[in-house]
Amino acid sequence: MSVREILEQRRSVRHYDPHYKMESETLAALIEGASKSPNGNNIQATRYLVIDEPNLKNVLLPIAFHQQQVIEASALIVVLGDYQAFEKENIIHIHEEGFQKGYFDASLRDYLASAAIQYYLNKSKEDLKLELVRDASLASMSLVLLANEAGLHTITMSGYDSEQLKSALQISDRYEDVMLIAIGKGIKQGHKTVRHDVGKIMYTNKI
Ligand SMILES: Cc1cc2nc3c(=O)[nH]c(=O)nc-3n(C[C@H](O)[C@H](O)[C@H](O)COP(=O)(O)O)c2cc1C
């Protein structure tokens, strides 16, 4: 299936086969693919917390306002941004890795690393959160596309209580929860949804 075909056919699926088990390797392959997504300065801040333990899913059910996909889908992925990724050590480490692999020379390594460090230096928490949300959202979409390509179904979700979720899963303030993605085998197609005509959403040079 082409990307265009997946985009045309994909729907948010809210009913899943509760007996369909996804192997950890399958999830890892999807997440590995999603990690190829563009991300600011390649600091790779997105994290994926896979919840497939039935007891935990049950705990999350009321936190996600009793949306049944939370317990029926094979897994629930909590997509997180890691504030520690902005730290100098991470930025230097990643650029050193690229240098060691021969992807760029020492001067480009140093230039890219110091530009990235400078870029984040005086940003507010709100600005850093926006950086995490941008990166995690792009990666989430990649994950959704890859899952649909593999014949699986997904629904991205913001319908949950963030504080309660972080408390139930013991997620520290080091992480920003960006969204949940339920993934599995759908048993009922998602309903069709309309989209604006492109003329309503596309502007050129001025809005
Ligand atoms: C960030 C985000 C959060 C969403 N949260 C929920 C949710 O909590 N529950 C739900 O049923 N659908 C949720 N959706 C799905 C949207 O309702 C859905 O994408 C939209 O209606 C378009 O339908 P489609 O995805 O089938 O094309 C969410 C979608 C996005 C992108």
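**Warm-up: a tyrosine**

Tyr120 is buried, with a relative accessible area of 4%; buried means under 20% relative accessible area, with a 1.4 Å probe and protein chains only. Before going on, note that this is a predicted model, where local features need pLDDT of at least 70, side-chain atom pairs count only at pLDDT 80 or more, and totals for chains, interfaces and linings use all residues. Residues are numbered from 1 along each chain as its sequence is written, and side-chain values use heavy atoms, with hydrogens and water left out.

**Exercise 1. Work out which aromatic residues form one cluster, and describe two of the pairs.**

*Step 1.* Start with the count: the structure holds three aromatic pairs. Rings of Phe, Tyr and Trp (its six-membered ring) pair if their centres lie within 6.5 Å; planes under 30 degrees apart are stacked, over 60 edge-to-face, and the rest tilted.

*Step 2.* Take Tyr83 and Phe86: their centres are 6.3 Å apart with 50° between the planes, a tilted pair. Both Tyr83 and Phe86 are buried.

*Step 3.* Now Phe86 and Tyr120: with centres 4.8 Å apart and planes at 55°, this pair is tilted too. Phe86 sits in the loop between β3 (75–82) and α5 (88–100), while Tyr120 belongs to helix α6 (residues 106–121), so the pair ties together parts 34 residues apart in sequence. (Helices are DSSP runs of H or I, at least four residues, and strands are runs of E, at least two, numbered from the N terminus.)

*Step 4.* Put it together: Tyr83, Phe86, Tyr119 and Tyr120 make up one aromatic cluster.

**Exercise 2. Find out where Glu176 lies and what it touches.**

*Step 1.* Look in strand β5, residues 175–184, and you'll find Glu176 there.

*Step 2.* Check its accessibility: at 12% relative accessibility, Glu176 counts as buried.

*Step 3.* List its contacts (heavy atoms within 4.5 Å). Skipping neighbours within four places in sequence, Glu176 touches Val79, Leu80, Gly81, Tyr83, Lys129 and Leu132.

**Exercise 3. Describe what surrounds the ligand.**

*Step 1.* Name some of the surrounding residues: among them are Arg10, Gln67, Met157, Gly159 and Arg195.

*Step 2.* Look at atom distances. An N or O atom in the Arg10 side chain is 2.9 Å from a ligand oxygen. For Gln67, a side-chain N or O atom is 2.7 Å from a ligand nitrogen. Gly159 has a backbone N or O atom 2.9 Å from a ligand oxygen.

*Step 3.* Finish with cover: of the 610 Å² of accessible area that the ligand has on its own, the protein covers 66%.

Technical notes. Buried < 20%, exposed > 50% of the residue type's maximum accessible area, 1.4 Å probe, protein only. Near = heavy atom within 4 Å. Polar contact = N/O pair within 3.5 Å; in protein donor to acceptor, adjacent residues only side chain to side chain. Areas by Shrake-Rupley, 256 points an atom, 1.4 Å probe, with all protein chains shown as cover.
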